[in-house]
Amino acid sequence: MSTLFISDLHLSPQRPKMTQLFLDFLKLRAKKAQTLYILGDFFDVWIGDDAMDEFAHSIVAALRSLADSGVKIFLMPGNRDFLYGRVFSAQSGVTLIADPTCVDLYGTRTLLVHGDSLCTTDKKFQFFRYLVRHPLLCGIYLRLPLSARINFANFLRSKSTRANKQKSAYLMDVSQESVEAMMRRYQATRLIHGHTHDPNTHQFTLDGKPVTRIVLGAWENSGWVLSVDESSMHTEILEV
Ligand SMILES: [Mn+2]
């Protein structure tokens, strides 16, 4: 039995092929796993559980069906979808987990994060992240009428798209210093994250011990899955 990791699906009604690929993945591949971790930016945007439309309900129902079949599903918020609440969790059967979360993965202390918190070279982004994730502001946002929430989400998205176009790859990547500090804090020998859409496996030495940082791939033109079990770890690419 394996544990699967995915992230950065950016599900939206505008991406029907990726949505279908994900639904097929749940039915065929994920059903054979023990546990599924979704490490953020699952939906392209989440403006509150009370704003679920037909599209969101179809995804929630598919998650529910997998959860009911006995697969444990964990979801971590990303920088695009950090407003999941109890209603979403209850309806989908998904357990919401904090960023960061440290787990014992078949005997290896493994730290899970979305990845945006490690992009500390980009000070402007970190300030923005602090602001929009502030519980007080989130509480106010969730009390706004739906139209205002949609407008504000669209405004933030266009602003970040414009800003990201001008940023260098260096600025947008994780900071090695922050990676090491966080792994040290949790005494983890493995880190798994998404966010940067730059899948890779980085091996380095931390305090004399070999450690690994795995970056998950985004679901851009194909599906991207990390499968881990007792003895091995591999990537699965799902073609549309
Ligand atoms: Mn992200």
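Two strands are said to pair if DSSP finds at least two bridges between them. In this predicted model, β8 and β9 satisfy that condition, and within β9 the bridge partner of F204 is V211. This report starts from that pair and moves outward to the sheet, the helices, the core and the whole chain.

## The sheet

Seven bridges join β8 to β9 (residues 209-215), and the two strands run antiparallel. They form a hairpin with two residues between them. D207, in the turn, has a positive phi of about 50 degrees.

This hairpin belongs to an open sheet of five strands in the order β5-β6-β7-β9-β8, with mixed pairing. Which strands stand at the edges? They are β5 (101-105) and β8 (200-206); each has a single partner strand, so one side of each is left without a neighbour in the sheet. From one strand to the next, the twist averages 25 degrees.

Strands of a sheet pair through backbone hydrogen bonds, in either a parallel or an antiparallel manner. The table sets out three of the pairings in this sheet.

| Strand pair | Bridges | Direction |
|---|---|---|
| β6 and β7 | three | parallel |
| β7 and β9 | four | parallel |
| β8 and β9 | seven | antiparallel |

Individual residues can be followed across these strands. L112 stands opposite I192 in β7, and I192 in turn stands opposite I214 in β9. L191 has R213 opposite it in β9.

## Helices

The protein chain has eight helices and eleven strands. One of the helices, α8 (residues 176-185), lies across four strands of the sheet, namely β6 (108-112), β7 (190-193), β8 and β9. Helix α8 runs at about 70 degrees to β8.

Helix α6 (residues 146-165) consists of 20 residues. From its first C-alpha to its last, α6 reaches 29 Å, close to the 28 Å expected at 1.5 Å a residue. Are the residues of α6 buried or exposed to the open? A residue counts as buried if 20 or more other C-beta atoms lie within 10 Å of its own. Of the 20 residues of α6, the number buried is zero, so the helix lies largely in the open.

Helix α4 spans residues 123-132 and includes K123. The same kind of count explains how K123 is classed: a residue is exposed if 12 or fewer other C-beta atoms lie within 10 Å. K123 has 10 such atoms within 10 Å, and is therefore exposed. Between K123 and W219 there are 96 positions in sequence and 27 Å in space, C-alpha to C-alpha.

## The core

The largest nonpolar core has 49 residues, and those with the most contacts inside it are L4 and L216. Leaving aside residues up to four places away in sequence, L4 touches A30, A33, L36, Y37, V225, L226 and S227.

## The chain as a whole

Of the 240 residues of the protein chain, 31% count as buried. Along its principal axes, the C-alpha trace spans about 55 × 45 × 30 Å. The radius of gyration is 18 Å, close to the 18 Å that the globule rule gives for 240 residues, so the chain is as compact as a globular protein of that length.

How much of the contact total comes from residues 24 or more positions apart? Among contacts with a separation of 6 or more in the protein chain, such residues account for 70%.

Conventions:
Residues numbered from 1 in each chain as written. Predicted model: local features only at pLDDT ≥ 70, side-chain atom pairs only at ≥ 80, totals over all residues. Core = buried A, V, L, I, M, F, W, Y, C linked by C-beta atoms within 7 Å. Contact = placed C-beta atoms within 7 Å. Axes fitted to C-alpha atoms, helices over the stretch in contact; angles between N-to-C directions. Rg over C-alpha atoms; globule rule 2.2 N^0.38 Å. Expected span 1.5 Å × (residues − 1).
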